[in-house]
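Here are my notes on the side chains, as promised. Have the structure open while you go through the points.

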Amino acid sequence: MTTRHLLEAAEETILHEIRKTRRADRMRKARDAHEGTAHLTVGQKVADTVAAAMGSWKFIIIQSGLLFLWIVLNVTAYVQKWDPYPFILLNLALSFQAAYAAPFIMMSQNRQQDIDREAAACDYQVNIKAELEIELLHQKLDQLRESEVYALTQAVADLTHLLHETRAELRESRAERDEIARDASGGGGLFKP
């Protein structure tokens, strides 16, 4: 089997692997899109919902409004101040919110890291296969270059051989012409003037 056939077989193998990986990735993405959040556990759904809600401008604006209202009502209330100036109850409520929000956000981030890790592993496999394909293409180009150099060298050798033959034929024909010319000029005949 020639080198060309070996390269073609290796190229076909790599292309088959790349197509298989792409097909599996497309099927996984389609399945995930079709299933939506059906494959998530209740805890993962809650963590994603809390992280999405707390990471939105709507939440920040509503919370800022409530904090401003809390502070204004406690500063301006003459009759009943349920949380006077150092706002200890407000600090306790915000600490409580932070204590429960942080684990939900961390769970959501950990799940996102797992998704990112899987995507990175898939990208790595595709990159490795693409690198192998590029290496095979370089080998094929080198092989083509070598075959072209060989063909050009062979053509130069053939042309050189043809040139030498043509020169030899020209020398022979000149020699014959010179001999005929000498004979015609009387170079050695019986009739000398």
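1. Start with a tyrosine in the middle of a ring pair. Tyr100 is partly exposed, at 49% relative accessible area. Keep in mind as you read that this is a predicted model, so every value here is computed from predicted coordinates.

2. Tyr100 has Phe96 as its ring partner, and the pair is tilted: the centres are 4.9 Å apart and the planes make an angle of 55 degrees. Both residues sit in helix α4, which covers residues 88-184. Because they are 4 residues apart in that helix, about one helical turn separates them. Phe96 is exposed, with 53% relative accessible area, whereas Tyr100 counts as partly exposed.

3. How many aromatic pairs does a search of the whole structure find? The count is 3. Another of these pairs brings together Tyr85 and Phe87, this time edge-to-face, with 5.8 Å from centre to centre and 65 degrees between the planes. Burial splits the two partners: Tyr85 is exposed at 67% relative accessibility, while Phe87 is buried at 12%.

4. On to charges. The structure has 3 salt bridges. The one I'd look at before the others joins Arg111 and Asp48, whose closest N and O atoms are 2.0 Å apart. Please check that contact by eye in the model, where the N to O distance is given as 2.0 Å.

5. Where do the two ends of that bridge sit? Arg111 belongs to helix α4 and Asp48 to helix α2 (residues 42-54), so the pair links distant parts of the chain, 63 residues apart. Are these side chains buried or exposed? Arg111 is buried, at 19% relative accessibility, and Asp48 is buried too, also at 19%. Both get that label because the cut-off for buried is under 20%.

6. Next, a bridge within one helix. Asp114 pairs with Arg117, and their closest N and O atoms are 2.8 Å apart. The two residues are both in helix α4, 3 residues apart, or about one turn. Asp114 is partly exposed at 38% relative accessibility, and Arg117 is exposed at 52%.

7. Further along, Arg145 and Asp142 meet in a salt bridge with an N to O distance of 3.5 Å. Again both residues lie in helix α4, with a spacing of 3 residues, about one turn of the helix. Arg145 is exposed, with a relative accessible area of 51%. Asp142 is partly exposed, at 34%.

8. Finally, a charged residue that lacks a bridge. Lys129 is another residue of helix α4. Which side chain of opposite charge is nearest to Lys129? That is Glu17, 4.0 Å away, yet Lys129 is buried and has no salt bridge. As for its surroundings, Lys129 touches Ile14, Glu17, Ile18 and Thr21, leaving aside residues up to four places away in sequence. Glu17 is therefore a contact of Lys129, since contact means heavy atoms within 4.5 Å, even though the pair is not listed as a salt bridge.

Key: Residues are numbered from 1 along each chain as its sequence is written. This is a predicted model: local features need pLDDT of at least 70, side-chain atom pairs count only at pLDDT 80 or more; totals for chains, interfaces and linings use all residues. Side-chain values use heavy atoms; hydrogens and water are left out. Rings of Phe, Tyr and Trp (its six-membered ring) pair if their centres lie within 6.5 Å; planes under 30 degrees apart count as stacked, over 60 as edge-to-face and the rest as tilted. Buried means under 20% relative accessible area, exposed over 50%, partly exposed in between (1.4 Å probe, protein chains only). Lys and Arg count as positive and Asp and Glu as negative; His and the chain ends are not counted.
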